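Colleague: I am new to this one. Can we go through the terms, and can you show me what each rests on?

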Amino acid sequence: MKTSLLFLTMLCAAVSFSQETIKQDSLKTVTVEGSRKGIKKSLNVTANTTLVTSKELLKAACCNLAESFETNPSIDVNFSDALTGTKQIKMLGLTSPYILITEENVPSVRGASQAYGMSFTPGTWVESIQITKGAGSVVNGFESISGQINTELIKPIGDIPLFVNAYGDSGSRFELNTHFNKKVSDKWATSLFVHGNARVAKNDMNDDGFMDNPLGKQLNVVNRWQYANPESGWVSFLNVRYMNDEKQTGQLDFDPDRDKLTTNFWGSEINTERLDFSSKVGYVFKDMPYQSIGFQNAFSNHNQQSYFGLNQYNIKQQSYYSNLIFNSIISNTMHKFATGLNFTYDKYAEFVNLADVSRIDNSVGAFFEYTFDDNDKFSYILGGRMDYHNRLGVFFTPRLHVKYNPWEKAVLRFSAGRGKRAANIFAENQNLFASSRVFSVLDTNGKIYGLDAEIAWNYGLSFTQNFMFFGMKADTTIDFYRTDFQNQAVVDVMNSPQQVLFYNLDGKSYANSLQLDFNLEIIKHLNLRTAYKYYDIATDYISGSFQRPLQAKHRFFGNVEYATHIVEKGKQWKFDFTWNWLGKQQLPNTATNPHHDRLPNFSPSFSTMNAQITRTFSSTFEIYVGGENIGNYTQHKAVLGAENPFGPTFDTSIVYAPVFGQMYYAGVRFKIK
Amino acid sequence: MNIMKNIVIGLLLMLVSFTAQAQEKKSKNAKYNIEVNGNCEMCKKRIEKAAFSVSGVKSAEWHIDDHQLHLIINEEKCSLIEIKKAIAKVGHDTDEVKATDEDYQKLHGCCMYERK
């Protein structure tokens, strides 16, 4: 059965070339060889894209994709909520539903997987991450609003035969990653990645009777096949993946077998099972290296069964995504284009308590993206796509990226674009189920849970200058981005602490973000990275205009890395230190609660520190130890109404600071090359 | 192993149909490597720009290390000699056409390559 499925997909792929190469063409993501930096910003690429290499990912505890951005100022990693322990990310101040998150250019974290999807990709699988701020490319769809994050996994061709990573931390979390690789022939290679993690003991550092992070276990297996034949121009990828993730959280005394869906104790279980199959086929035309065609297909089956106290939430998503791309030139390689078709189908079986909110979404679209590059100072990418979606209608999505090098070592960038999406209000906000809040959707005329589609325009301006600072290599960047919502599925926790309201935006909603970066290579192997970020994200709610809750207006970021010279046999020390400061954050409205369950309007400001030391003994063996939240800053009250979890003031969703205090970890990495 | 076999057969089938199609276009995508003298990144930009100024040049990439200009051209629209002339005009010697001293002298200081 599986065999014929594979075969069929390959055959359907009439013609081709791998999308990743295509993507590199269209956004010109340049990989700078020889540079040892973990974060690479090019002065030549058109879009505001940062490349994060696997080297950078080794700098954090980095158990999964969500945690891999902790040393990167472009992306804010939120504190895991008291319940699920899952870290959410934000870009330009907007949460992950507004970011197009792709894995090898196939949209991966979307729909049902929006809340926990980032934690379903283990960090060790990742080869590199490309972060594009702003509108992004039209090639992968119309949904991205604030940016795109694309993850490339380690490619079977070029992988090492064996990699083992074991990790343990003081929060009783353990992890084992094993990668196997085999070159089957000179054209075929395969990798098998097996990831397992578990949190085996209950932690309650703040003595509120609730676990600070969930018990859990995850099994995650992927088998990848890569085919490359340079003579014929054919390339292909096949992936099969299975993931099973189980979490249990809530009160320490909660026993799921005894207490599930009762008021004995408050508890929650979130079980997710997911199966993915994807294929890519690509063909580069003979004698025309600039012309190629690519076809990719992805199928996934995602099934989440969960309850949060007395709230039950089950969602099953069957999804099919297909993308056909043709790349070529107009007269010469200064004028490139990409054009093609997308098709998506999503079948949701979704149940919120007893309400059946199941639906089927499908869309078909055509895109055209033109890239001009004078190979010198000026380049731009102009893209447009036309889509038909059964709930969003027929609509056009334009995107533009412009790059200009006004003088040496400087780059000025501008981008603008439109995004449109259907908000999966329950899946995206499921952390609110772990509260006594009543969910109410106030609109009934829209096609998505009664709401209309979200539409936003994003504009951005960025300037980077590299220079010498007292003889040290330095660079500075200033980024300004604005997102204007024409319509938004407003999530309102400002009205009442006993309610969460969803309604169509009436009035204004915008997100302004300003980021100032200053990076310095003090001496060779000693690098300093600093950033200041300003966010002004405001929405007109029913009860007035407020800043987006749980978003700091001001943030500082600092990172210092130092590595000793590599001595014989690859021996080396590496040190890394990250500091984050967050200003006050608007908190959800709790003013009507009884006095002891009231929070102030704004959270206090605070800072956190992470550090890591890696000792490489040889090119095949290394040990690392590190600490997170070394300053041991924790939120004073992580669970509101903890003493009466079935009472009206119970809320686990208001998390503005770490819930878990200091955390220390250690791990080993072993390779056979 | 069965999976592999099927995939390979699938790939082969597609391959056959493709090579047949690609061959007809050959004269429109003629590949040439020519030697062009130069030094640096600035030279690279200048040489490639000059090559692209000739209509019919589809791809032009000059490598600093071995001074080779890799061309893909439509032979129905242009000839190699036209491209070499265009490159010589901006001051760079090619194997066949040399730049005039006047054009060579106009080059930026760092681009003053050693003439053969």
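Modeller: Gladly. Keep in mind that this is a predicted model.

Colleague: Start with A:Val52. Why is A:Val52 called buried?

Modeller: A:Val52 has 24 other C-beta atoms within 10 Å. The cut-off for buried is 20 or more. So A:Val52 is buried. A:Val52 is found in strand E2 of chain A.

Colleague: What does A:Val52 touch, leaving aside its neighbours within four places in sequence?

Modeller: A:Gly38, A:Ile39, A:Leu57, A:Asn72, A:Ser128, A:Ile129 and A:Ile131 are in contact with A:Val52. A:Ile157 is 105 residues from A:Val52 along the chain, and their C-alpha atoms are separated by 20 Å. How do you know that this is no contact? The cut-off applies to C-beta atoms, within 7 Å. A:Ile157 is not listed among those partners of A:Val52.

Colleague: And A:Val668? Why is A:Val668 called partly exposed?

Modeller: A:Val668 has 14 other C-beta atoms within 10 Å. Exposed means 12 or fewer, and buried means 20 or more. The value of 14 lies in between, so A:Val668 is partly exposed. A:Val668 is found in strand E36 of chain A, residues 663-672.

Colleague: Which residues are in contact with A:Val668, leaving aside its neighbours within four places in sequence?

Modeller: A:Ala166 and A:Ile623. A:Arg615 is 53 residues from A:Val668 in sequence, and 9.6 Å away in space, C-alpha to C-alpha.

Colleague: Now the largest nonpolar core. Which residues touch the most other members?

Modeller: That core has 34 residues, and A:Val52, A:Ile89, A:Met91, A:Leu94, A:Ile99 and A:Val126 touch the most other members. Elements that give two or more residues to this core include strands E2, E4, E6 and E8 of chain A. Strands E9, E26 and E30 of chain A do so too.

Colleague: What makes A:Val52 eligible for a nonpolar core?

Modeller: Members must be buried, and Val is on the list of residue types. A:Val52 is buried, with 24 other C-beta atoms within 10 Å. So A:Val52 qualifies on both counts.

Colleague: Where else is there a core?

Modeller: Another core, of 31 residues, lies apart from the largest one. Its members include A:Leu392, A:Val490, A:Val500 and A:Phe502.

Colleague: On to chain B. How many helices and strands does chain B have?

Modeller: Four helices and three strands. Along the sequence, the pattern is α-β-α-β-β-α-α. Of the 116 residues of chain B, 33% count as buried.

Colleague: Why are H2(B) and H3(B) called oblique to each other?

Modeller: They pack at an angle of about 135°, with their axes 8 Å apart. Roughly perpendicular runs from 65 to 115 degrees, and roughly antiparallel is over 145. An angle of about 135° falls in neither range, so H2(B) and H3(B) are oblique. Their crossing is right-handed.

Colleague: Which residues make that contact?

Modeller: H2(B) brings B:Ile47, B:Ala50 and B:Ala51. H3(B) brings B:Ile83, B:Ala86, B:Ile87 and B:Lys89. By class, there are six nonpolar, no polar and one charged residues.

Colleague: Which residues of H3(B) are buried, and what covers them?

Modeller: B:Ile83, B:Lys84, B:Ala86, B:Ile87 and B:Ala88 are the buried residues of H3(B). Their cover includes H2(B) and strands E1, E2 and E3 of chain B. After H3(B) comes B:Gly91, with a positive phi near 105°.

Methods
Residues are numbered from 1 along each chain as its sequence is written. Chains are lettered from A and ligands numbered from 1 in the order in which they are written. This is a predicted model: local features need pLDDT of at least 70, side-chain atom pairs count only at pLDDT 80 or more; totals for chains, interfaces and linings use all residues. Two residues are in contact if their C-beta atoms, placed from the backbone, lie within 7 Å. Axes are lines fitted to C-alpha atoms, for helices over the stretch in contact, and angles run from 0 to 180 degrees between N-to-C directions. Angles under 35 degrees count as roughly parallel, over 145 as roughly antiparallel, 65 to 115 as roughly perpendicular and the rest as oblique. A crossing is left-handed if the near helix is turned anticlockwise from the far one by less than a right angle, and right-handed if clockwise. Ala, Val, Leu, Ile, Met, Phe, Trp, Tyr, Cys and Pro count as nonpolar, Asp, Glu, Lys and Arg as charged, and the others, Gly among them, as polar. A nonpolar core is a set of buried Ala, Val, Leu, Ile, Met, Phe, Trp, Tyr and Cys residues joined through C-beta atoms within 7 Å.
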